[in-house]
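This report walks through a few parts of the structure shown below. It takes up single residues, strand pairing and helix packing in turn.

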Amino acid sequence: MAAFALVCSAAGIAQEVEFTEYDLDNGLHVILHQDNTAPVATVGVMYHVGAKDEEEGRSGFAHFFEHLLFEGTENIERGKWFDIVAANGGSNNANTTQDRTYYYETFPSNNLELGLWMESERMFHPVINEVGVETQNEVVKEEKRSRIDNAPYGKIIYSTGINKYVFDKHPYKNSVIGTMEDLDAAELDEFKAFFDKYYGPNNATLVVAGDIEIDETKEMIEKYFAEIPEGKEVERVSVKEEPITETITATEYDSNIQIPAKLFVYRTPSMKEKDAYILDMISSILTDGRSSRMYKKMVDEEKTALQVLAFPRSQEDYGTYVMGALALGETPLDTLAASMDEEIDKLQNELISEKEYQKLQNKFENRFVNSNSSIQGIASSLATYNVLYGDTDLINEEIEIYRDITREDIKRVANEYLNENQRLELDYLPESEKE
């Protein structure tokens, strides 16, 4: 009861995130959030372009641009981007998914104008040339080696050993980082064309959050962004997948591991659907913490698994739901599969207890409170809810979706999506076991 009261108290003091949003004439969507409690401000730009928007044979372009657009602009000398940010007390980064690319800087608030100018430079005056392409090509190759090729379980973490089996037609079948062959084969004009197609203001959302004054910030945004010409209308990916109706079996090998893993992977609905939120709750039931069902059973009691995992990868068009376990000792992978199926069967045939349900709700209430604890996090959330969900106010209202989920919903979704004939069964083995 004490823990419950603490969570309720925290949820009770969670501040609503107030924001102002509007469009410039060139189509740039702007979201402003004022919070003057600390003298910092984040400037973020999210472009509605990701790996799914790439042409066949040219994978990796969106992620490549995550790097390339730090090279320099007509007014920022090549290689000086990070130096300028650091010299002015700031930090910056970028990231890419299948659905979008996000760039951001966080500065002391007296350098807000610098952040806005730099992002307008990235959008309006990037220098895309052979030197930059060749330099970033090597950077991306090294990233692929370190994060996927030479990282234990890298093909699980980055889905390169998963999505190619779960998706047949949709470009989600390709990895975000792409192939080096595709990048090597691309001509400079193709990179320029990709920028012209996707990086216009009408395909972007600008978020400014933190220690700002709204009217003053609007004036600066008008100054730096209003003159950027509107790009062509972007045609969205609209590929439909046929349902998976028979079990897909596959084996992947990893030279960086010694402990094999068994995975079940299911294709799931769009991140905007209520069922995607329910699957998020199911993953918490199964593997969130030492008291979770799979951990207690497979790690503590049966001692068949060294570790267990279950998580949804929510995306704009489709998602995936991954659950699995790393074998302890000589435990056969079939034993792990049988244990996981038993847990799925329980979810499909029994309502979770009221006690477990309340614990689940408390977790998600607490997560909601913590999710907007930093200005940088708020900026990212505002951009994401606008670009991918089409509803910026979800930053305040999303918790209501979780609150409305019932025990019956959890049972229904387990029956609808977590079936043997709808999944990939993947044996993830050390390279040494390859015949």
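Thr-37 sits in the loop that connects β2 and β3. The model is predicted, and in it Thr-37 has a relative accessible area of 73%, so this residue is exposed. Its C-alpha lies 8.1 Å from that of Gly-210, although 173 residues separate Thr-37 and Gly-210 in the sequence.

Strand β6 covers residues 204-210. Is strand β6 enclosed by the rest of the structure or open? Of its 7 residues, 7 are buried, so the strand is largely enclosed by the rest of the structure. Strand β2, residues 29-34, runs parallel to β6 and is joined to it by 6 bridges. Within that pairing, Leu-32 has Val-208 of β6 as its bridge partner. Strand β3, residues 40-47, is joined to β6 by 7 bridges, and these two strands run antiparallel. Here Thr-42 is placed opposite Ala-209 of β6.

Further along the chain there is an open sheet of 5 strands with mixed pairing, in the order β7-β11-β8-β10-β9. Its edges are formed by β7 (248-254) and β9 (305-313); each has a single partner strand, so one side of each lacks a neighbour in the sheet. On average, neighbouring strands of this sheet are turned by 15 degrees against each other, direction ignored. Inside the order, strand β8 (residues 261-268) pairs with strand β10 (residues 319-327) through 8 bridges in the antiparallel sense. Phe-264 is found opposite Met-323 of β10.

Which helices pack on this sheet? Helix α11 does, touching β8, β9 and β10, and its direction makes about 170 degrees with that of β9. Helix α13 (residues 333-349) packs on the sheet as well, where it touches β8, β9, β10 and β11 (423-430). The direction of α13 makes about 40 degrees with that of β8.

Helix α11 (residues 274-287) also packs against helix α16 (residues 394-403), at an angle of about 70 degrees and with the axes 10 Å apart. The two helices, α11 and α16, are therefore roughly perpendicular to each other. Their crossing is right-handed. On the side of α11, the contact is made by Lys-274, Tyr-277, Asp-280 and Met-281, and on the side of α16 by Leu-394, Glu-398, Ile-401 and Tyr-402. By class, the contact of α11 with α16 has 5 nonpolar residues, 3 charged residues and no polar ones.

Two loop residues have a positive phi without being glycine: Tyr-153 and Lys-303. The table sets out their values.

| Residue | Phi | Loop | Relative accessible area |
|---|---|---|---|
| Tyr-153 | about 60 degrees | between α5 (130-149) and α6 (154-157) | 17% |
| Lys-303 | about 55 degrees | between α12 (293-301) and β9 | 55% |

Is Tyr-153 buried or exposed? At 17% relative accessibility, Tyr-153 counts as buried, because the cut-off for buried is under 20%. Lys-303, with a relative accessible area of 55%, is exposed, since exposed means over 50%. The loop that holds Lys-303 leads from α12 to β9, and β9 is one of the edge strands of the open sheet.

Notes
Residues are numbered from 1 along each chain as its sequence is written. This is a predicted model: local features need pLDDT of at least 70, side-chain atom pairs count only at pLDDT 80 or more; totals for chains, interfaces and linings use all residues. Side-chain values use heavy atoms; hydrogens and water are left out. Buried means under 20% relative accessible area, exposed over 50%, partly exposed in between (1.4 Å probe, protein chains only). Helices (H or I, at least four residues) and strands (E, at least two) are DSSP runs, numbered from the N terminus. Two strands pair if DSSP finds at least two bridges between them. Axes are lines fitted to C-alpha atoms, for helices over the stretch in contact, and angles run from 0 to 180 degrees between N-to-C directions. Angles under 35 degrees count as roughly parallel, over 145 as roughly antiparallel, 65 to 115 as roughly perpendicular and the rest as oblique. A crossing is left-handed if the near helix is turned anticlockwise from the far one by less than a right angle, and right-handed if clockwise. Contact means heavy atoms within 4.5 Å. Ala, Val, Leu, Ile, Met, Phe, Trp, Tyr, Cys and Pro count as nonpolar, Asp, Glu, Lys and Arg as charged, and the others, Gly among them, as polar.
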